[in-house]
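The following exercises concern the reading of helix packing, burial and nonpolar cores from a set of coordinates. Each task is followed by a solution in steps.

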Amino acid sequence: MASVSINEESAKGGMWVLDQKLDQPMEVEAGRLRNMYREKKFSSLLLLRLAFQSLGVVYGDLGTSPLYVFYNTFPQGIDDPEDVIGALSLIIYSLTLVPLLKYVFVVCRANDNGQGGTFALYSLLCRHAKVKTIPNQHRTDEELTTYSRHKFDENSIAAKTKRWLEAQPYRKNLLLILVLVGTCMVIGDGILTPAISVLSAAGGIKVDHPKMSNDVVVVVAVLILVGLFSMQHYGIDRVGWLFAPIVLLWFLLIGSIGALNIWKYDSAVLKAFSPVYIYRYFRRGGKDSWNSLGGIMLSITGTEALFADLSHFPVSAVQIAFTVVVFPCLLLAYTGQAAYLMDNPGHVHDAFYRSIPEGIYWPMFIIATVAAAVASQATISATFSIIEQALALGCFPRVKVVHTSKKFLGQIYIPDINWVLMILCISVTAGFRNTSQIGNAYGTAVVIVMLVTTFLMILIMLLVWRSHWILVLIFTGLSLVVELTYFSAVLLKVNQGGWVPLVIAAVFLIIMYVWHYGTVKRYEFEMHSKVSMAWILGLGPSLGLVRVPGIGLVYTELASGVPHIFSHFITNLPAIHSVVVFVCVKYLPVYTVPLEERFLVKRIGPKNFHMFRCVARYGYKDLHKKDDNFEKMLFDNLLVFVRLEAMMEGCSDSDEYSIYGQQTEKSADLLLTENGNTISSSTMELTQSSCDSIVPVRSPLRANSLVRSSGQTSSQTEVDECEYINRCRDAGVVHILGNTVVRARRDSRFVKRIAVDYIYAFLRRICRENSVIFNVPHESLLNVGQIFYV
């Protein structure tokens with residue numbers, strides 16, 4: 001390591017002593033905003049509007065289950081009318097325990113500032129325990145107003161759970177795999193829900209035309225699916241307004257028809273509200289009753305999408321829609337169908353359409369078909385949301401994400417995933433051609449998602465909510481009794497279509513885990529090969545290079561230290577720009593980072609080096625869009641940092657520092673509008689606390705002018721460096737990105753070579769480039785290639 005001679009140590013201050021940390025952490029400039037971020041409050045009228053819209057996006061899947069539940073419950077027909085009452089009792093209590101009590105009133109409260117899904121739960125856990133597998137956390141990040149974490153008593157159950165999770169690396173990996181399994185099953189839902197819903201609705205044609213070929217039904221279903229996926233680019237806000245009236249009408253109609261059937265056929269089915277009939281059902285049917293659970297479980301499908309779709313609507317709107325409309329209408333619909341089947345047990349294969357009064361059959365068929373298409377929207381939207389979260393946490397290849405609403409941040413559309421879902425969905429529909437086998441596959445995916453959510457909720461209740469262990473035990477017991485019972489039933493049908501979601505999930509799990517593995521290894525490579533700050537200082541003021549006009553933005557994943565691509569670049573090309581900014585874009589386990597707190601800026605080395613570091617922090621809902629001027633925001637924050645640094649040069653650990661602190665607040669407005677630039681107010685507050693650690697007491701540029709007043713010198717220094725940066729910016733800005741190629745070592749195992757050399761390499765080729773994400777012009781882009789072996 002090159003040694004550095006420091007002749008003016010007394011003037012430069014202790015910052016430049018090599019025995020100390022030369023590249024200090026940035027928490028000193030991360031102040032917390034006084035106006036804490038709060039969740040947006042909705043007016044009553046807007047809340048009702050959003051509750052109405054949520055019907056079309058969130059509850060379509062759950063609402064169309066009456067189309068196929070009784071058929072999948074009794075595929076061989078009904079032997080005893082009492083079985084209908086037992087099955088109805090199971091449906092009633094399943095709807096009450098899982099969607100109503102577990103999800104709407106418990107799991108929905110575990111949202112991450114309104115964001116739902118398995119990755120939202122994972123992000124909450126990452127904030128309360130060090131379980132994130134990419135070790136780029138820093139206590140600076142904990143100062144964010146959206147970070148929201150709690151402190152533990154060292155002897156509490158929460159603290160013990162936290163220590164247990166953090167103790168072994170394999171526990172962190174197991175937690176990540178559990179989250180990925182849940183995510184992959186939600187993607188499987190996005191494929192199977194449209195298939196079973198649309199095919200069941202289209203099957204109503206055969207009720208009026210029994211001799212019609214099943215091929216016609218399949219063709220009609222495929223055409224509807226193509227139309228559905230083609231509409232996704234319009235966005236959920238518009239689609240929600242289109243679908244919500246249809247779903248509301250659907251719920252009101254099935255509820256009314258159900259009430260009519262109860263009155264018309266057999267009101268004795270109301271005794272199914274007694275759980276005694278569940279016991280009688282299993283005692284009488286034995287193994288057949290157990291097998292029928294796979295069909296009964298379809299009555300609660302769509303519940304997992306309810307939680308994942310929270311990002312599109314506030315929790316209160318989702319709760320209002322379910323309790324006021326969805327739950328009572330579903331109970332009436334299933335009870336009415338059961339009353340009809342008590343008198344007509346031979347019509348179980350098409351019980352829904354048979355129970356419709358003749359006068360409204362065809363209007364109801366049309367509404368059912370449209371509602372089935374709407375039902376698919378819930379899981380498609382959930383798939384988009386959960387993949388977006390996986391992207392930000394480094395668990396999915398980079399794909400294009402389009403925001404479809406200016407009002408609601410969570411409403412998105414992912415074109416690539418949309419067309420993949422469409423192709424797979426059509427393949428499943430045309431391949432199985434009947435709802436029985438698709439129902440078996442569907443049930444397998446849903447129950448696994450529910451089990452994953454239960455296990456994550458146990459950790460949430462312990463770490464985040466710090467609930468009493470008795471409440472955790474009650475929640476866990478009730479959830480697992482229901483879900484493990486259904487899981488044991490769907491396992492018996494793996495060979496009857498249940499293998500489909502397992503195969504789909506396995507493919508996506510491999511993709512996500514391999515991508516995450518490659519991401520972690522690339523980060524570890526940058527960490528282990530970063531350049532020492534002492535080496536940079538040893539190069540001297542010119543860095544031992546030719547300093548060409550312009551500004552070089554060197555992108556790195558490191559929030560501290562100089563990246564290897566920088567030394568690799570100047571070793572092969574001994575020239576660097578007059579101003580160098582190391583840019584670290586980091587995603588945090590929060591749903592958003594407020595603009596006021598997004599950028600952290602600090603200086604690297606003496607002032608005459610003109611080297612800076614800028615950390616840009618994003619949440620998993622924050623995206624780089626083409627209309628965002630990332631470069632402009634970066635330079636705005638850089639310039640305000642230079643101004644404030646110049647103001648602080650005269651400060652020390654004396655009363656002068658506190659006077660400066662008071663003056664800075666008064667001069668905030670002036671700095672915000674200086675030179676026509678809009679500067680983030682938090683940057684001033686962030687930098688304010690850095691006086692005694694980041695900025696030296698006496699600058700090297702002031703070594704020969706200590707007799708001048710600090711105010712005059714600070715002003716002159718500030719103007720000189722700001723003008724210098726602006727002149728360099730006018731000369732040109734070059735974006736330097738590392739193009740790191742990952743290869744497996746020759747002595748690696750066969751599985752590792754396949755994963756790294758083929759799967760990860762293929763995903764890197766087809767995913768979006770960083771230059772596209774940052775909207776970097778091709779003429780300003782410079783890729784630095786390097787290879788490393790894992």
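**Exercise 1. A residue of α7**

Is Ala158 buried or exposed? Locate the residue, then describe its distant partner and the helix pair around it.

*Solution.* The model is a predicted one.

Step 1. Ala158 belongs to helix α7, which covers residues 157-167.

Step 2. The relative accessibility of Ala158 is 4%. Buried means under 20%, so Ala158 counts as buried.

Step 3. Leu463 stands 305 residues from Ala158 in sequence, yet the two C-alpha atoms are 4.8 Å apart in space.

Step 4. Ala158 and Leu463 both take part in the contact of α7 with α20. On the α7 side the residues are Ile157, Ala158, Thr161, Lys162 and Leu165, and on the α20 side Leu459, Leu462 and Leu463.

Step 5. The axes of α7 and α20 lie 8 Å apart, at an angle of about 130 degrees. The pair is therefore classed as oblique. By class, the contact comprises 6 nonpolar, 1 polar and 1 charged residues.

**Exercise 2. The pair α8 and α10**

Determine how helices α8 and α10 cross, and which classes of residue form their contact.

*Solution.*

Step 1. Helix α8 spans residues 169-202 and helix α10 spans residues 214-230; their axes approach within 9 Å and cross at roughly 130 degrees.

Step 2. Angles over 145 degrees count as roughly antiparallel and those from 65 to 115 as roughly perpendicular; α8 and α10 are therefore oblique to each other.

Step 3. The crossing of α8 past α10 is right-handed.

Step 4. From α8 come Pro194, Val198, Leu199 and Ala202; from α10 come Val217, Val218, Val220, Ala221, Ile224, Leu225 and Phe229. The contact holds 11 nonpolar residues, with no polar and no charged ones.

**Exercise 3. A threonine in α8**

What is the relative accessible area of Thr193, and which residues does Thr193 touch beyond four places in sequence?

*Solution.*

Step 1. Thr193 is part of helix α8.

Step 2. Its relative accessible area is 0%, and Thr193 is buried.

Step 3. Not counting residues up to four places away, Thr193 touches Asp61, Ala375, Ser376, Thr379 and Tyr442.

**Exercise 4. The pair α6 and α18**

Describe the packing of helices α6 and α18 and the make-up of their contact.

*Solution.*

Step 1. Helix α6 (residues 118-128) packs on helix α18 (residues 361-392) at about 35 degrees, the axes being 8 Å apart.

Step 2. Thr118, Phe119 and Ala120 of α6 meet Ile386, Gln389 and Ala390 of α18.

Step 3. Of these residues, 4 are nonpolar, 2 are polar and none is charged.

**Exercise 5. Nonpolar cores**

Which members of the largest nonpolar core touch the most other members?

*Solution.*

Step 1. The largest nonpolar core has 171 residues, and the members touching the most others are Tyr59, Phe119, Trp250, Phe251 and Tyr353.

Step 2. Apart from neighbours within four places in sequence, Tyr353 is in contact with Leu67, Ser200, Ala201, Gly204, Val207, Tyr361, Phe365 and Ala368.

Step 3. A second, separate core contains 25 residues, among them Tyr555, Phe599, Tyr618 and Val733.

**Exercise 6. Two positive phi values**

Where are Arg466 and His610 placed, and which accessibility class does each have?

*Solution.*

Step 1. Arg466 has a phi near 55 degrees, a positive value in a residue other than glycine. The residue sits in the loop between α20 (435-463) and α21 (469-491). Its relative accessibility is 42%, so Arg466 counts as partly exposed.

Step 2. His610 likewise is not a glycine and has a positive phi of about 55 degrees. Its loop runs between β5 (599-604) and β6 (611-618). With a relative accessible area of 15%, His610 is buried.

**Exercise 7. Ala317 and the whole chain**

Place Ala317 in its surroundings, then characterise the chain as a whole.

*Solution.*

Step 1. Ala317 lies in helix α16, residues 315-343, and at 0% relative accessibility it counts as buried.

Step 2. Leu46 is 271 residues away along the chain, with a C-alpha separation of 9.2 Å from Ala317. Leaving aside neighbours within four places, the contacts of Ala317 are Leu47, Leu50, Ala51 and Ser54.

Step 3. The chain has 31 helices and 8 strands, and 59% of its 790 residues count as buried. Among contacts with a separation of 6 or more, 84% join residues 24 or more positions apart.

Key:
Residues are numbered from 1 along each chain as its sequence is written. This is a predicted model: local features need pLDDT of at least 70, side-chain atom pairs count only at pLDDT 80 or more; totals for chains, interfaces and linings use all residues. Side-chain values use heavy atoms; hydrogens and water are left out. Axes are lines fitted to C-alpha atoms, for helices over the stretch in contact, and angles run from 0 to 180 degrees between N-to-C directions. Helices (H or I, at least four residues) and strands (E, at least two) are DSSP runs, numbered from the N terminus. Angles under 35 degrees count as roughly parallel, over 145 as roughly antiparallel, 65 to 115 as roughly perpendicular and the rest as oblique. A crossing is left-handed if the near helix is turned anticlockwise from the far one by less than a right angle, and right-handed if clockwise. Contact means heavy atoms within 4.5 Å. Ala, Val, Leu, Ile, Met, Phe, Trp, Tyr, Cys and Pro count as nonpolar, Asp, Glu, Lys and Arg as charged, and the others, Gly among them, as polar. Buried means under 20% relative accessible area, exposed over 50%, partly exposed in between (1.4 Å probe, protein chains only). A nonpolar core is a set of buried Ala, Val, Leu, Ile, Met, Phe, Trp, Tyr and Cys residues joined through side-chain atoms within 4.5 Å.
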